[in-house]
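Got your viewer open? Here's a short walk through the model, one selection at a time.

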Amino acid sequence: MTNKFFSVDDIPRRRFLELGIKGGIALAAAPSLMSCLKRTGEAPPSAKFPLADLNKVIQRALSKGGEFGEVYLENRVSRSVLLEEGKFKSAVYGISRGAGVRVISGDKTGYAYTDDLSVESLLRAADVASYVARGSKAVAPVDIKEEKRPSFVAVKVPLQTVADEKRLEIMKRAHDAALAHDPKVKMASIDYYDEVRGRVLANSEGLYLEDELPLIFFIVQALAVGNDTSHMGRERLSRHAGIEMFDDLKPEDAARTCAREAVTMLEAKDAPAGKMDVVMQNGWGGVLVHEAVGHPLEGDNISRETGVFVGKLGKPVATPKFTMVDDGTLPCYRGTTDYDDEGTQMKRNVLIQEGTLVKYMTDILSAKQLKMERTGNGRRESFRYMPIVRMTNTFIEKGTDKPGDILASTPSGIYVQSLSGLSGGSVNPTDGVFNFTCREAYLIENGQKTVPVKGATLIGNCLDVIKGVDAVGDDLDFGPGICGKGQAAEVTAGQPTVRIRGINVGGSRARRS
Ligand SMILES: [Zn+2]
């Protein structure tokens, strides 16, 4: 069996630019940035089709057999702007439109996509996708009927109505705040990305849904130099929201958080190595369980009998203090959508309840294979990809311990303030072994956070970690990221402050000796 490795990033620069360009048309670049962006304020062109045409496509998809047929239409309009070394360096405006047709027959999936949104092209895609089902029993499709669902994404000021000067002004505010924080901050860079993704979904079960999802990501990086070293701090903001996101999550605050990290880490000493207790601050640290526990709980892995949680449903797998949830309904969160990219309603799925494994995450295919409910985790990067099982907003549920008490009752160990995303984490879902690099970490001495340490890596097995959690704070918080599994998905990872007993820490001191 081949092992697949997953990684999660806190939105690194390269990935960010790729996303900006993804399937899009680069229209603008500095120095004519402003004038080029300005003429692009229009709403995305509609991908709407008469329902009768979509019925025809679904019928064609199932004409050779198969039990499930689907059409997915997508319309994405995006903008990305980069501010670096005090200058706006690039701007990309993208339009990406297309459709994918899928057929499921037994365990097989046929998928074909086109970026030509004509009925003829959709019918051709349906022909291609239908080959997978040749000779199998056909299910007669149900005629589609439009359905309305409540939305978990509220927008006050739609991105389509925002002048580009406003975007540049927000970037400038963050840039200036990072540099003003401390003279040791020598450089700041700001990546801004937003998009509006229109989706239309129709399938042979009679479902027809359409919606429009806005998304913003905003990344601040600040480089501090001093003490014969340098450190790049990083902070991200992301929501499905209109531009009002920045009233709530201030760009200056993000910049100061990032600059503070950069300056603090200039004082960092080499990290110790060995088995020690780890206290992880609330927020993005949840990426550790996203990676080490979340991926192995994905139904496609389970149906292939891959990973440490196969056959463990209903059994204790973690300490009773540990509850883990995937919830795609948290209002406006980065991992939230109204329904997944197969039309299954988003919901709160408790995966591990007080230490007992109670649910796997599924898409339509793995739910059928495992004979389990659909959990709303079928997602795709774009119309170019078929949906697969993905997480949404995944977190350790809050507990009752006070974060201050957790630290005070830990005589020695490592305090992890933030974990690195940037190629810093990976997990092998087959055996649950992971490693993560700490971006900002401190020694714990006599129940107190003391000197910052650099180069600390957390290494372990996911089952040991969730059995080793012995304190769970009441301060649940989240951070945004990109999850990679052959295709990208927008996610958040979250946790309250937690303590994990006895994790292996690979330190920079050990590496050097
Ligand atoms: Zn992931």
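Leaving aside its neighbours within four places in sequence, which residues is Val 101 in contact with? Select Val 101 and check: the partners are Val 57, Ala 61, Val 71, Ala 112, Leu 122, Ala 125, Ala 126 and Ala 129. Keep in mind that this is a predicted model.

Now zoom out. The protein chain has 13 helices and 25 strands, and 54% of its 513 residues count as buried. Among contacts between residues at least 6 apart in sequence, 77% join residues at least 24 apart.

**Stop one: the core.** Go back to Val 101 and add Val 71, Ala 178, Val 220, Ala 222 and Ala 255. Within the largest nonpolar core, which has 137 residues, these six touch the most other members. Colour by domain next: domain 1 (6-264) and domain 2 (270-510) both give residues to this core, so it lies between them. As background, nonpolar side chains tend to be buried together in soluble globular proteins.

**Stop two: helix α3.** Select residues 51-61, which make up α3. Buried here are Leu 54, Asn 55, Val 57, Ile 58, Arg 60 and Ala 61; two of Val 101's partners, Val 57 and Ala 61, are in that list. What covers the buried residues? Show β2, β3 (87-105), α4 (119-130) and β6, which are among the covering elements.

**Stop three: strand β6.** Keep β6 on screen and pick residues 185-203: 15 of its 19 residues are buried. Strand β2 (68-84) pairs with β6 in the antiparallel sense over 15 bridges; to find the register, look for Tyr 72 opposite Leu 201. Strand β7 (207-226) also pairs with β6, antiparallel again, over 17 bridges. There, Asp 191 of β6 stands opposite Ile 219 of β7. Follow β6 into β7 and you pass through a hairpin with three residues between the strands, where Gly 206 has a positive phi near 95 degrees.

**Last stop: a helix pair.** Select α5 (164-181) and α7 (251-264). Their axes come within 8 Å and cross at roughly 35 degrees, and the crossing is right-handed. On the α5 side, the contact is made by Ile 170, Arg 173, Ala 174, Ala 177, Ala 178 and His 181. On the α7 side, look for residues including Pro 251, Ala 255, Cys 258 and Ala 259. Ala 178 and Ala 255 should ring a bell: you already picked both at the core stop.

Note on methods:
Residues numbered from 1 in each chain as written. Predicted model: local features only at pLDDT ≥ 70, side-chain atom pairs only at ≥ 80, totals over all residues. Helix = DSSP H or I, 4+ residues; strand = E, 2+ residues; numbered from the N terminus. Buried ≥ 20, exposed ≤ 12 C-beta atoms within 10 Å, placed from the backbone. Contact = placed C-beta atoms within 7 Å. Pairing = 2+ DSSP bridges. Core = buried A, V, L, I, M, F, W, Y, C linked by C-beta atoms within 7 Å. Domains from an automatic or database assignment. Axes fitted to C-alpha atoms, helices over the stretch in contact; angles between N-to-C directions. Left-handed = near helix turned anticlockwise from the far one by under 90°.
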